[in-house]
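Visitor: Could you take me through the charged side-chain pairs of this model?

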Amino acid sequence: MRTGPGSLRTRVTLAVIAVLAVVLVALGIAVQAVFVSQSERSLESTLASRVQLGRQLARAGVGPQQVVNRVSTDGVTATLETRNGMVFDTGSVPGPLARTVTTTLNGTGRVAGATLTVAVDTTLIDQARLRLRRVLVVASAAALLVSAALVAVIVRWSLRPLDAVSGLARRIAAGQRGGRLRPDRTDTEIGQTAQALDEMLDELEGAETRAREADERSRQFLADAAHELRTPVAGMRAAAESLLHAGPTLAAEERQQLEALVVREANRTGRLVADLLAVARLDAGESTRPRICTDLKAVAAQELERVGLTHPSVRRTLTGPGAVALADPEQLTGIVGNLLDNAVRAAGPAGAVEVTVHRLEDWACVDVLDSGPGVPGHERERIFERLVRLEVGRAQAGGGSGLGLAIARGYARAHGGDVRCLEAPPGAGALFRLALPAVDSDTPTTC
């Protein structure tokens, strides 16, 4: 932490010293005022007692000189003037700052009607006041210096955690991640602040890591998508150029093959673009649409019929009591269609696909089991990533875009469900399960 004139440590130290100086000045003024007040009271009391003694002596008939001698004492001088002008004193002269009191005596003899003047010398008191003022100034200055040193040490020790905070901030600004304060005590204000900073850094660095990973995935996805699109586009371009350059000299059979290639690659490109649009909608959160009670078994039967038209040699089976879910029929058809397309590609022309629709507790489930090579256990989650294909038989020529399973899972999770790859029974290929929250079709509040 910097220690210049604007630093927190300096400001706190100066503030404490300023408060302490104000307190010491106020205390000195109060002590001085009390001393002056007590001195005044003492002077008044001394004068009153001496005058009272003179009156008592006059009433007792004591002579003038004796009255003066007995009234006078250390620091107090008395002067008596009779009615005929005679003056009696002790020979000492009061100082210029003496405090005097004059009274007329009532008595007998020569002191009757005499004037008694009593004076108290204030020189000693004034000197005492001056010495007290000097002592207070010196003591206050010494106390202020000692206090300033102690306050500086205490403030430096108390604000040590802020040095750790500033050091951590500089390290993070320099690119060093992962540092934390980890305060020993969290029951103090600075400890709570340090703990809050650690939690904030955890969240920020986690968000930074997630953002970096998301950016990397996006870059990889764009690169993979461009690569996937390049293949069918290149095929269409080559076929079109061949048709264009060959002209009417091209044999009819070869022309039909090239035209079929153009149509096939165009369809492939269209499917890939549609899948990319579906992924973009999922990322943008546009997957929520109006939902109705949908019979999963009817959807599965419809998709199995479609698959039968494109893959007539694949054996297809639909079993199970059925189940109903609150879903968007179009998206539900897309989920089941993706699972079935994936299954028939894996099963091959002579393979088999079995679909079971059932209810498992509160879930409406569609199980799709194929006779293909299956999915290794360590790959059962990775296949749901975008543009991921296995290196074995499930990635044969004519495979999908690598987005179908990612889209199916995205739609299912948007419905509050999921799509998972489960362990298949012995001798079977892969088992995929779509699970959605089930509803009762005869309940008016839900359907």
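**Salt bridges in the predicted model**

Guide: Arg 99 is a suitable starting point in this predicted model, and its relative accessible area of 26% makes it partly exposed.

Visitor: Which residue forms a salt bridge with Arg 99, and which helix holds that partner?

Guide: The closest N and O atoms of the pair are 3.3 Å apart, and the partner of Arg 99 is Glu 44. The bridge links distant parts of the chain, since Arg 99 belongs to strand 3 (residues 99-104) and Glu 44 lies 55 residues away from it. The helix that holds Glu 44 is helix 1 (residues 8-59).

Visitor: Is Glu 44 buried, partly exposed or exposed?

Guide: Buried would require a relative accessible area under 20%, and exposed a value over 50%. Glu 44 has a relative accessibility of 43%, so the residue counts as partly exposed.

Visitor: How far apart along helix 5 are Glu 241 and Arg 237, and what is the distance between their closest N and O atoms?

Guide: Both residues sit in helix 5 (residues 189-246), where they are four residues apart and therefore separated by about one helical turn. Glu 241 is partly exposed at 35% relative accessibility, whereas Arg 237 is exposed at 58%. They form a salt bridge in which the closest N and O atoms are separated by 3.2 Å.

Visitor: Which residue meets Arg 413 in a salt bridge?

Guide: Arg 413 is partly exposed, with a relative accessible area of 47%. The N to O distance in its salt bridge is 3.2 Å, and the partner is Asp 418.

Visitor: How many salt bridges does the structure hold?

Guide: The pairs discussed here, including Arg 99 with Glu 44, belong to a total of 12.

Technical notes:
Residues are numbered from 1 along each chain as its sequence is written. This is a predicted model: local features need pLDDT of at least 70, side-chain atom pairs count only at pLDDT 80 or more; totals for chains, interfaces and linings use all residues. Side-chain values use heavy atoms; hydrogens and water are left out. A salt bridge is a side-chain nitrogen of Lys or Arg within 4 Å of a carboxyl oxygen of Asp or Glu. Helices (H or I, at least four residues) and strands (E, at least two) are DSSP runs, numbered from the N terminus. Buried means under 20% relative accessible area, exposed over 50%, partly exposed in between (1.4 Å probe, protein chains only).
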